[in-house]
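Hi everyone, thanks for making time for this one. Please pull up the sequence and the structure, and we'll walk through them together.

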Amino acid sequence: MTNSLRRSILIILSLSLIALSAPIALSNAADPLTQANIYMYPKPHKVSDLVFRTATGQTVSLNDFKGKVVLLHFWSITCPACKIEEPQLDNLKRAYNGSGLEILGINLVDPPAAIQKYAATTRAPFSIVYDGGRGFNLRVVEMAGKRTSFLVNPKQEAILEVPGFPTTYIVDCRGAAVGYSVGPARWDDASAQAMLQKLIVEGRTCVSQTSQGTEGKYSMR
């Protein structure tokens, strides 16, 4: 595949993903979740498998977490807004640790050595993962005069929009994105707690419907 064709595919996929992000501007302000800076998609959006590396060198795949609810939390070490949200994520980890919720802190902008040092010296409220040579990275693009970025895979195909840090995607037990937050979310809000609890309960049914051998195999404990 030529580079120009890949760029064309990236642009087409980016446009479709920006359409998926439209609820940010169109959401009903009276919706309790929007007051928590959390937005739900009208229907689940399947996320292709993502493969990263942990700070200790292990390979982790999104498919490893089938049957669980996963927060894909995009962040950077120097992000002030990320620090604001960390206590909220820490509370989530404490409340739902072992109950079917995983938080993956995805860092695709800082050098691997800096990420490894941060993981070794800082108590993060999530499991830290980064590309580690797997071919996943953030690609900055300009759309309609605005700059944003997309998570792209080794084929240079756009998967998820990451307009800034923090950006968090809520992935259900079947591996589909059902909602997102751009900027710090109020995860302690009653509506956010109810949404997560509902997804976790659904995850228990998900496990029983998943074929043997494809259930979540990897634990980030």
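I'll start with how confident the model is, then go through the cores, one central strand pairing, the disulfides and the salt bridges.

First, a reminder that this is a predicted model. The average pLDDT of the protein chain is 83, and 80% of the residues reach at least 70. So where does the pLDDT stay under 50? One such stretch is residues 1-28, for which the model has 40 contacts beyond four places in sequence. Residues 210-221 are also below 50, and that stretch has 29 contacts in the model beyond near neighbours in sequence. Please keep those two stretches in mind as you rotate the view.

Now to the inside. In soluble globular proteins, nonpolar side chains tend to be buried together. Here the largest nonpolar core has 28 residues, and those with the most contacts inside it are Ile38, Leu71, Leu92, Ile170, Trp187 and Met195. Which elements give two or more residues to this core? They are strand 4 (69-74), helix 4 (80-96), strand 5 (101-107), helix 5 (112-121), strand 6 (127-130) and helix 6 (190-209). Helix 6 gives the largest share, with 5 residues. Apart from this core lies another one of 26 residues, including Tyr39, Val51, Phe52 and Leu138.

If you want one residue to click on, try leucine 92. Setting aside its neighbours within four places in sequence, leucine 92 is in contact with Leu71, Asn97, Leu101, Ile103, Trp187, Gln193 and Leu196.

Next, strand 5. How many of its residues are buried? The count is 7 of 7, so by the usual cut-off of under 20% relative accessible area strand 5 is mostly covered. In a regular strand the side chains alternate between the two faces of the sheet. In strand 5, Leu101, Ile103, Gly105 and Asn107 point one way, while Glu102, Leu104 and Ile106 point the other way, and all are buried. Strand 5 runs parallel to strand 4, and 6 bridges join them. Within that neighbourhood, leucine 72 stands opposite leucine 104 of strand 5.

On to the cysteines, which I know some of you have been waiting for. A disulfide is a covalent bond between the sulfur atoms of two cysteines. The count for this model comes to 2 disulfides. With the bonded cysteines numbered in sequence order, the pairing is 1-2, 3-4.

The pair of cysteine 79 and cysteine 82 has its sulfurs 2.4 Å apart. Their link is right-handed, with 90° about the S-S bond. Cysteine 79 is buried at 7% relative accessibility, and cysteine 82 is buried at 2%.

The other disulfide joins cysteine 173 and cysteine 206, with 2.2 Å between the sulfur atoms. The torsion about that S-S bond is about 75°, so this disulfide is right-handed. What does the pair tie together? Cysteine 173 lies in the loop between strand 10 (167-171) and strand 11 (176-182) and cysteine 206 lies in helix 6, so the disulfide ties together parts that are 33 residues apart in sequence. Both cysteine 173 and cysteine 206 are buried.

Last topic: charges. The model has 6 salt bridges by count, and I'll show you three.

Take arginine 94 and aspartate 90, whose side chains meet at 3.1 Å, N to O. Those two sit 4 residues apart in helix 4, so they are separated by about one helical turn. Is each partner buried or exposed? Arginine 94 is exposed, with a relative accessible area of 60%, whereas aspartate 90 is buried at 14%. Asp90 and Arg94 are also linked with Arg123 in a network of salt bridges.

Helix 6 gives us another example, as glutamate 202 and lysine 198 form a salt bridge at 2.6 Å, N to O. They too are 4 residues apart, so about one helical turn separates them. Glutamate 202 is partly exposed at 31%, and lysine 198 is exposed at 52%.

Finally, arginine 147 and glutamate 142 form a salt bridge, with 3.3 Å between the closest N and O atoms. Arginine 147 is exposed at 62% relative accessibility, and glutamate 142 is exposed at 52%.

That's the tour, and I'm happy to take questions.

Key: Residues are numbered from 1 along each chain as its sequence is written. Side-chain values use heavy atoms; hydrogens and water are left out. A nonpolar core is a set of buried Ala, Val, Leu, Ile, Met, Phe, Trp, Tyr and Cys residues joined through side-chain atoms within 4.5 Å. Buried means under 20% relative accessible area, exposed over 50%, partly exposed in between (1.4 Å probe, protein chains only). Contact means heavy atoms within 4.5 Å. pLDDT is the predictor's confidence in each residue, from 0 to 100. A salt bridge is a side-chain nitrogen of Lys or Arg within 4 Å of a carboxyl oxygen of Asp or Glu. A disulfide is a pair of cysteine sulfur atoms within 2.5 Å. Two strands pair if DSSP finds at least two bridges between them.
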